[in-house]
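Visitor: I have a model open on my screen and would like to go through it with you, step by step. Could we look at the structure together?

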Amino acid sequence: MSTVYLQHFGLQRAPFSITPNPAFFYGGHSRADMLDAMLYAVTQGEGIIKVTGEVGSGKTMLCRMLAGRLPPRIDAIYLVNPRLDPDGVLFAIAAELGLDAAGRRADEVLRLLNGELIARHARGRQVVLLVEEAQAMPLDTLEAVRLLTNLETSSHKLLQIVLFGQPELDEHLALPAMRQLSERITHSFFVPPLPRELVPAFLLCRLRAAGYTGGALFSNAAVRRIARASGGIIRRINIIADKAMMAAFAEDAVAVRDRHVRLAVAECRFAAPAGRRPAWLAASVAAAGAAALLLWLAWPLRAHADSLPPIPAPAWANGHDAQTQLMFDAICKMIIAFTANQHHSAHNE
Ligand SMILES: Nc1ncnc2c1ncn2[C@@H]1O[C@H](COP(=O)(O)OP(=O)(O)O)[C@@H](O)[C@H]1O
Ligand SMILES: [Mg+2]
């Protein structure tokens with residue numbers, strides 16, 4: 001990020017970088033409470049904790065905050081590569097604990113792990129394993145992770161586990177084969193998208209953390225559009241806000257206006273969250289189907305079709321204007337091409 005850009009807005013560092021940096025943590029919309037509850041659950045040292053949320057909702061940020069706030073007697077270790085096989089997980093954990101497991105068999109590594117955890121426990125230390133992207137973990141690997149919670153002294157579990165994952169993790173845990181694991185989960189947290197009304201506070205929090213001391217940098221209309229286009233997903237808010245600030249900077253504007261956000265949004269291609277296609281998309285398809293029928297019936301008028309004005313997106317699509325209009329246009333064009341083709345073949349028969 002150029003210093004000219006930062007100076008232009010009176011910033012010391014980039015406010016909307018997408019790396020989850022704890023210095024930029026926003027605790028609104030239950031996130032600070034969730035963090036406290038997670039800390040409490042970890043220090044209790046029983047069972048498995050689960051944290052789910054959409055891509056970009058802030059799970060890794062919470063994971064880093066949690067690791068940073070653990071009392072000094074708790075050691076955090078990470079499992080960041082979920083695509084390991086059951087033995088691979090043992091080796092990865094051994095490496096995190098600083099053990100040399102090279103050339104050993106899996107059962108030997110397990111014994112080493114056990115010994116190390118008992119030794120740490122004897123020194124008054126507790127170990128928490130933070131598992132990221134747990135939805136991508138093979139089921140037998142998840143089961144191997146669960147088995148590690150069986151390592152215990154007569155009075156204490158030796159390893160505390162926190163699973164972070166996308167909502168698909170819940171689907172995996174609902175499978176009969178995963179019953180033992182799901183029954184071990186003592187605390188579940190869901191990281192929700194930010195509601196629209198908190199987006200201004202979120203933006204300001206990040207700007208302040210970046211050294212901004214001025215007044216409202218984003219206009220009300222700009223904030224509304226960011227809230228709408230991001231669906232409250234924090235990573236999307238950051239990406240759009242960053243691009244919009246770039247657009248404002250390019251114009252030498254001191255405030256970010258709606259048109260800057262519109263440009264930013266047009267540059268972003270966000271997929272709908274898995275399995276949750278928005279209702280307006282289904283409605284677009286239905287409306288396009290109706291348009292096809294009309295076009296078919298009105299085909300004799302096609303000579304005039306080229307002179308028709310662009311087809312406006314329907315009123316229910318308000319709030320998704322640029323993207324919806326593009327999609328709507330594309331669907332209509334496809335249908336026009338399709339019906340033209342049908343007529344063409346019909347005439348040739
Ligand atoms: N509570 C928060 N406060 C400030 N920024 C956040 C917060 N949660 C997430 N972010 C930002 O959103 C982006 C995505 O967060 P991340 O934790 O990586 O999401 P996930 O792990 O759920 O995919 C990062 O840029 C991060 O800095
Ligand atoms: Mg993450």
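Guide: Before we start, buried means under 20% relative accessible area, exposed means over 50%, and partly exposed lies in between. Please keep in mind that this is a predicted model.

Visitor: Is His-156 buried, partly exposed or exposed?
Guide: His-156 sits in the loop between α6 (139-148) and β4 (159-165). Its relative accessible area is 41%, and because values between 20% and 50% fall in the middle class, His-156 is partly exposed.

Visitor: How far apart in space are His-156 and His-121, C-alpha to C-alpha?
Guide: In sequence, His-156 and His-121 are separated by 35 residues. In space, the distance from C-alpha to C-alpha is 8.8 Å.

Visitor: How many helices and how many strands does the chain have, and what percentage of its residues count as buried?
Guide: The secondary structure of the chain comprises 14 helices and five strands. Among contacts with a separation of 6 or more, 76% come from residues 24 or more positions apart. Of the 349 residues of the chain, the share that counts as buried is 43%.

Visitor: Which residues do ring pairs link into a cluster with Tyr-5?
Guide: The structure holds four aromatic pairs. In one of them, the rings of Tyr-5 and Phe-9 have centres 5.4 Å apart and planes at 70°, so this pair is edge-to-face. In another, the rings of Tyr-5 and Phe-249 have centres 5.4 Å apart and planes at 80°, so that pair is edge-to-face as well. Ring pairs therefore link Tyr-5 into a cluster with Phe-9 and Phe-249.

Visitor: How many residues apart are Tyr-5 and Phe-249, and in which helices do they lie?
Guide: Tyr-5 and Phe-9 are four residues apart in helix α1 (residues 3-9), and so are separated by about one helical turn. The pair of Tyr-5 with Phe-249, by contrast, links distant parts of the chain. Tyr-5 lies in helix α1 and Phe-249 in helix α11, and their separation is 244 residues.

Visitor: Which members of this cluster are buried, and which is partly exposed?
Guide: Tyr-5 has a relative accessible area of 1% and is buried, and Phe-9, at 4%, also counts as buried. With a relative accessible area of 25%, the residue that is partly exposed is Phe-249.

Visitor: Is α10 parallel, perpendicular or oblique to α11?
Guide: The axes of helix α10 (residues 220-230) and helix α11 (residues 234-250) come within 9 Å and cross at roughly 135°. Because that angle lies outside the range of 65 to 115 degrees and is not over 145, α10 is oblique to α11.

Visitor: What classes of residue make the contact of α10 with α11?
Guide: The crossing of α10 past α11 is right-handed. From α10 the contact draws on Ile-226, Ala-229 and Ser-230, and from α11 on Arg-236, Ile-237, Ile-240 and Ala-241. By class, these are five nonpolar, one polar and one charged.

Visitor: How does α9 run relative to α10, and how many nonpolar residues does their contact have?
Guide: The axes of helix α9 (residues 199-209) and α10 come within 9 Å and cross at roughly 100°, which makes α9 roughly perpendicular to α10. Val-199, Pro-200 and Leu-203 in α9 meet Val-223, Ile-226 and Ala-227 in α10. This contact has no polar and no charged residues, and its nonpolar count is six.

Notes. Residues are numbered from 1 along each chain as its sequence is written. Chains are lettered from A and ligands numbered from 1 in the order in which they are written. This is a predicted model: local features need pLDDT of at least 70, side-chain atom pairs count only at pLDDT 80 or more; totals for chains, interfaces and linings use all residues. Side-chain values use heavy atoms; hydrogens and water are left out. Axes are lines fitted to C-alpha atoms, for helices over the stretch in contact, and angles run from 0 to 180 degrees between N-to-C directions. Helices (H or I, at least four residues) and strands (E, at least two) are DSSP runs, numbered from the N terminus. Angles under 35 degrees count as roughly parallel, over 145 as roughly antiparallel, 65 to 115 as roughly perpendicular and the rest as oblique. A crossing is left-handed if the near helix is turned anticlockwise from the far one by less than a right angle, and right-handed if clockwise. Contact means heavy atoms within 4.5 Å. Ala, Val, Leu, Ile, Met, Phe, Trp, Tyr, Cys and Pro count as nonpolar, Asp, Glu, Lys and Arg as charged, and the others, Gly among them, as polar. Rings of Phe, Tyr and Trp (its six-membered ring) pair if their centres lie within 6.5 Å; planes under 30 degrees apart count as stacked, over 60 as edge-to-face and the rest as tilted. Buried means under 20% relative accessible area, exposed over 50%, partly exposed in between (1.4 Å probe, protein chains only).
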